[in-house]
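Biologist: Could you pull up the model for me and talk me through it? I would like to start with the overall fold and then go into details.

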Amino acid sequence: MTPEIYWLIWSALLTAFLWIPYGSYRISKIGFGRLLMDPLPGDDPFDDAWAHRAYRVHMNAFETIATFAPVAIAVHVTGSGNEVTAAAAAIYFWLRLVYIPVYIFKVPVLRLVLFLVALFATAVMAFQMIG
């Protein structure tokens, strides 16, 4: 397995389990049974701002993995991987992991820096492949 695919798998798992913080919040607020039903009229899923941010960090993870995944797969398929692409893939994962609490606990400047550097890591992988 190439490093790019290894880090893609970890990134996908991270994204897949990001529902747990806000899902747990919803269960604690309305109960598991009601959570399984359709939303009721006037139901505000996030009374607390942190829970809404936990939801948003999950949605943001989908947005960023949508650019990272095809690049990581392309590097793998074309055999373009090297030390730079391997490092960029690892950097992407670790920055996304740190991004979660930074977003939930509302640290705005650091949040933007982490987002942009992770995006830059994806771009580095792409440019290693085409350049």
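Biologist: How many helices and how many strands does the secondary structure of the protein chain come to?

Modeller: Bearing in mind that this is a predicted model, the secondary structure of the protein chain comes to 6 helices and 0 strands, so that, read from the N terminus on, the elements run α-α-α-α-α-α.

Biologist: And what box do the C-alpha atoms fill?

Modeller: Taken along the principal axes, the C-alpha atoms of the protein chain fill a box of roughly 55 × 30 × 20 Å. Of the 131 residues in the chain, 36% count as buried.

Biologist: Let's go to the surface. Which residues make the nonpolar surface patch?

Modeller: The patch covers about 840 Å², and it is made by Met1, Tyr6, Ile9, Trp10, Leu13, Phe17, Trp19 and Ile20. The elements that give two or more residues to this patch are α1, which spans 3–16, and α2, which spans 19–30.

Biologist: Which element gives the largest share of it?

Modeller: That is α1, which contributes 4 residues to the nonpolar patch.

Biologist: Take Leu13, then. Where does Leu13 lie, and why does it count as partly exposed?

Modeller: Leu13 lies in helix α1. Its relative accessibility is 38%, and it counts as partly exposed because that value falls between the 20% cut-off for buried and the 50% cut-off for exposed.

Biologist: Staying with α1, at what angle do α1 and α4 pack?

Modeller: Helix α4 covers residues 49–78, and α1 packs with it at an angle of about 160°, their axes being 10 Å apart. Because angles over 145 degrees count as roughly antiparallel, α1 and α4 are described that way relative to each other.

Biologist: Is the crossing of α1 and α4 left-handed or right-handed?

Modeller: The crossing of these two helices, α1 and α4, is left-handed.

Biologist: Changing topic to charges: how many salt bridges does a search of the whole structure find?

Modeller: The search finds 1 salt bridge. Arg56 forms it with Glu63, and the closest N and O atoms of the pair are 3.8 Å apart.

Biologist: Why can side chains of opposite charge pair at all?

Modeller: In general, such side chains can pair when their charged atoms come close.

Biologist: Back to this pair, are Arg56 and Glu63 buried, exposed or partly exposed?

Modeller: Arg56 is partly exposed, with a relative accessible area of 28%, and Glu63 is also partly exposed, with a relative accessible area of 45%.

How values were computed: Residues numbered from 1 in each chain as written. Predicted model: local features only at pLDDT ≥ 70, side-chain atom pairs only at ≥ 80, totals over all residues. Heavy atoms only, no water. Patch = residues over 30% accessible without salt bridge, like charges linked within 9 Å, V, L, I, M, F, W, Y side chains within 5 Å. Areas by Shrake-Rupley, 256 points an atom, 1.4 Å probe, with all protein chains shown as cover. Salt bridge = Lys/Arg side-chain N within 4 Å of Asp/Glu carboxyl O. Buried < 20%, exposed > 50% of the residue type's maximum accessible area, 1.4 Å probe, protein only. Axes fitted to C-alpha atoms, helices over the stretch in contact; angles between N-to-C directions. Parallel < 35°, antiparallel > 145°, perpendicular 65-115°, else oblique. Left-handed = near helix turned anticlockwise from the far one by under 90°.
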